[in-house]
Amino acid sequence: MKKIILIISILSVFAVACGNKATGPAAGSKPLTTNVPSEDKTVKDGTPLASWNGNIQSITVNASVAGNQTAATQDGYNLLERLYSTTWYQSEEERDDGRLETEETFIFFDPSSKMVQREYENGIPDNKDEFSALQFVTDITIPNAQANKDRNACIVKNIEKEGNGVDTEFEGYYLYNETTLYIVDGDTQSEVEKELTALVANPTRYVEERFVLSTEALN
């Protein structure tokens, strides 16, 4: 993803999570997710990272936990609503003239449908955090979805403020499971819808679009 983006007041929150701004995340200070998202469209609330056991959860909400969940009405909560307070991570490595180069991307969704992206090159932040406001547009059908997991793919409008104007593009999200999120983007809704539909049908082809939930600190 070359442009992901936003307007928001979560900069200070994300900056603290990311640790030392001058040198990138130090050992143990990798920005971690606060929330593990729910795959169940009828349950908005995810699982706090501190309470998560590290396993992909069953679609059934445990009775002891259900009291703390926000129950949905009608068709449930869309994916964007359930991605709140999550942090996603992607890393790429390549050799340039024999030198190993590492590029890391962190994406953070706040509880108000806003998002920030931060990139590191060889552990050093590029100091160009990108902020965006996100608007839910539509769901994408998931063939043969398990019960209550049929709203785990959607298209959103990504709005970035630029000077006195705004730059708008579309993004598609597919929550493959609690710890894997695929993201595609494009200039038009139809372009993203076509790409996201193909991705949902065969996610193994889309390695570069895959992000993992940031749940483990650096050693």
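**View 1. Tyr182 is a buried residue.** Tyr182 has a relative accessible area of 4%, where buried means under 20%, exposed over 50% and partly exposed anything in between, judged with a 1.4 Å probe and protein chains only. This is a predicted model, in which local features need pLDDT of at least 70, side-chain atom pairs count only at pLDDT 80 or more, and totals for chains, interfaces and linings use all residues. Residues are numbered from 1 along each chain as its sequence is written, and side-chain values use heavy atoms, with hydrogens and water left out. Across from Tyr182 stands Arg210, in strand E11. Helices (H or I, at least four residues) and strands (E, at least two) are DSSP runs, numbered from the N terminus.

**View 2. Strand E10 pairs with E9 and with E11.** Strands pair if DSSP finds at least two bridges between them. E9 and E10 run antiparallel, with seven bridges, and two residues lie between them in the hairpin that they form. To find your place in this hairpin, look for Phe170, which is opposite Gly186 in E10. E10 and E11 are also antiparallel, and three bridges join them. How many of the seven residues of E10 are buried? Six of them are, so the strand is mostly covered. As a general guide to such views, the side chains in a regular strand alternate between the two faces of the sheet.

**View 3. The chain as a whole, for orientation.** If you are new here, step back for a moment: the chain has four helices and eleven strands. Of its 219 residues, 44% are buried. About 11500 Å² of the chain is exposed, and 45% of that comes from carbon and sulfur atoms; these areas come from the Shrake-Rupley method with a 1.4 Å probe, and for residues only the protein chains shown count as cover. A contact means heavy atoms within 4.5 Å. Among contacts between residues at least 6 apart in sequence, 58% join residues at least 24 apart.

**View 4. The largest nonpolar core holds 19 residues.** A nonpolar core is a set of buried Ala, Val, Leu, Ile, Met, Phe, Trp, Tyr and Cys residues joined through side-chain atoms within 4.5 Å. Leu83, Trp88, Phe109, Leu134, Tyr173 and Leu181 touch the most other members of this core. At least two core residues come from each of these elements: helix H3 (79-82) and strands E4 (99-109), E8 (153-162), E9 (165-177), E10 (180-186) and E11 (210-213). A second core, separate from this one, has 13 residues, among them Ile142, Ile155, Tyr174 and Val184.

**View 5. Aromatic rings meet in pairs.** A pair of aromatic rings is described by the distance of the centres and the angle of the planes. Rings of Phe, Tyr and Trp (its six-membered ring) pair if their centres lie within 6.5 Å; planes under 30 degrees apart are stacked, over 60 edge-to-face, and the rest tilted. By this rule there are six aromatic pairs. Why is the pair of Phe109 and Tyr173 called edge-to-face? The ring centres are 5.6 Å apart and the planes stand at 85°, so the pair earns that description. Because Phe109 sits in strand E4 and Tyr173 in strand E9, the pair ties together parts that are 64 residues apart in sequence. Phe109 is buried at 2% relative accessible area, and Tyr173 is buried at 0%. Tyr176 and Tyr182 make another edge-to-face pair, with 6.3 Å from centre to centre and 80° between the planes. Here Tyr176 is partly exposed, at 43%, whereas Tyr182 is buried. Tyr89, Phe106 and Tyr120 form one aromatic cluster.

**View 6. The loop between strands E7 and E8 holds Arg151, Asn144 and Asn148.** Strand E7 covers residues 130-139. Is Arg151 buried or exposed? Arg151 counts as buried, at 9% relative accessibility. A polar atom of the Arg151 side chain lies 3.4 Å from the backbone oxygen of Asp75. Leaving out residues up to four places away in sequence, Arg151 touches several residues, including Lys41, Tyr77, Arg82 and Phe136. Asn144 is exposed, with a relative accessible area of 80%, and has a positive phi near 55°. Asn148 is partly exposed at 29%, and its phi is also positive, near 70°.

Terms used
Polar contact = N/O pair within 3.5 Å; in protein donor to acceptor, adjacent residues only side chain to side chain.
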